[in-house]
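Q: I'm new to this one and would like a close look at a single part, the place where two neighbouring helices meet. Could you walk me through that, and tell me how the rest of the chain is laid out around it?

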Amino acid sequence: GLMSSLEIIRANPGISQQDLSDEVGLDKSVTVLIVDLLEERGLAERRKSGADRRRYSLFATRAGEAHLKELFAIMEKTEDRVLHGVNDEELRWLMSILDRLYENLD
């Protein structure tokens, strides 16, 4: 949840914790813990919302953006290694199976 939450925050500067919770699909209390961890690690920060003082807006820090860049590079290398030797037809088949499994989660 940390990486996906940080990426959503990075892609949506100023997103509220409530909207992040809805987007990630996690309970609000879990989202608070995730944001706490991201903040403790210096990867994201909370700022009081200018529109509503009761709410916080979330922003990725420069360290958070750099961390995401590193994580995506690792993911890309891992995918390349895992999918090495899989042809286009096999990859389409795999993706269709994974899509169906994902649809069953709803």
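A: Let's settle one word before anything else: two residues are in contact when they have heavy atoms within 4.5 Å of each other. With that in hand, among contacts in the protein chain between residues at least 6 apart in sequence, 46% join residues at least 24 apart. Keep in mind that this is a predicted model.

Now the part you asked about. Helix α2 covers residues 17-24 and helix α3 covers residues 28-40, and their axes come within 9 Å. The two axes cross at roughly 110°. Angles from 65 to 115 degrees count as roughly perpendicular, and that is therefore how α2 and α3 sit relative to each other. Who makes the contact? On the α2 side you'll find Q17, Q18, L20 and S21, while α3 brings in K28, T31, V32 and V35. Sorted by class, that's three nonpolar residues, four polar ones and one charged one.

Step back a little, to strand β1. This strand takes in residues 15-16, and S16 belongs to it. S16 has a relative accessible area of 9%, so it counts as buried. Setting aside its neighbours within four places in sequence, S16 touches R55, Y56 and L58. Two of those partners, Y56 and L58, fall within the range of β3, which runs over 56-60.

For a contrast, try A51, in the loop between β2 (44-48) and β3. A51 has 80% relative accessibility, so this one counts as exposed. Measure from A51 to W93, C-alpha to C-alpha, and you get 47 Å in space, with their positions 42 residues apart in sequence.

So how does the whole chain look around all this? The protein chain has five helices and three strands. Reading from the N terminus, the order goes α-β-α-α-β-β-α-α. Along its principal axes, the C-alpha trace spans about 55 × 30 × 20 Å. The radius of gyration is 17 Å, whereas a compact globule of 106 residues would come out near 13 Å. Buried residues account for 23% of the 106 residues. As for the surface, the chain exposes about 8,100 Å², and carbon and sulfur atoms supply 53% of that.

Notes:
Residues are numbered from 1 along each chain as its sequence is written. This is a predicted model: local features need pLDDT of at least 70, side-chain atom pairs count only at pLDDT 80 or more; totals for chains, interfaces and linings use all residues. Side-chain values use heavy atoms; hydrogens and water are left out. Axes are lines fitted to C-alpha atoms, for helices over the stretch in contact, and angles run from 0 to 180 degrees between N-to-C directions. Helices (H or I, at least four residues) and strands (E, at least two) are DSSP runs, numbered from the N terminus. Angles under 35 degrees count as roughly parallel, over 145 as roughly antiparallel, 65 to 115 as roughly perpendicular and the rest as oblique. Ala, Val, Leu, Ile, Met, Phe, Trp, Tyr, Cys and Pro count as nonpolar, Asp, Glu, Lys and Arg as charged, and the others, Gly among them, as polar. The radius of gyration is taken over C-alpha atoms; the globule rule is 2.2 Å times the number of residues to the power 0.38. Buried means under 20% relative accessible area, exposed over 50%, partly exposed in between (1.4 Å probe, protein chains only). Accessible areas come from the Shrake-Rupley method with a 1.4 Å probe; for residues, only the protein chains shown count as cover.
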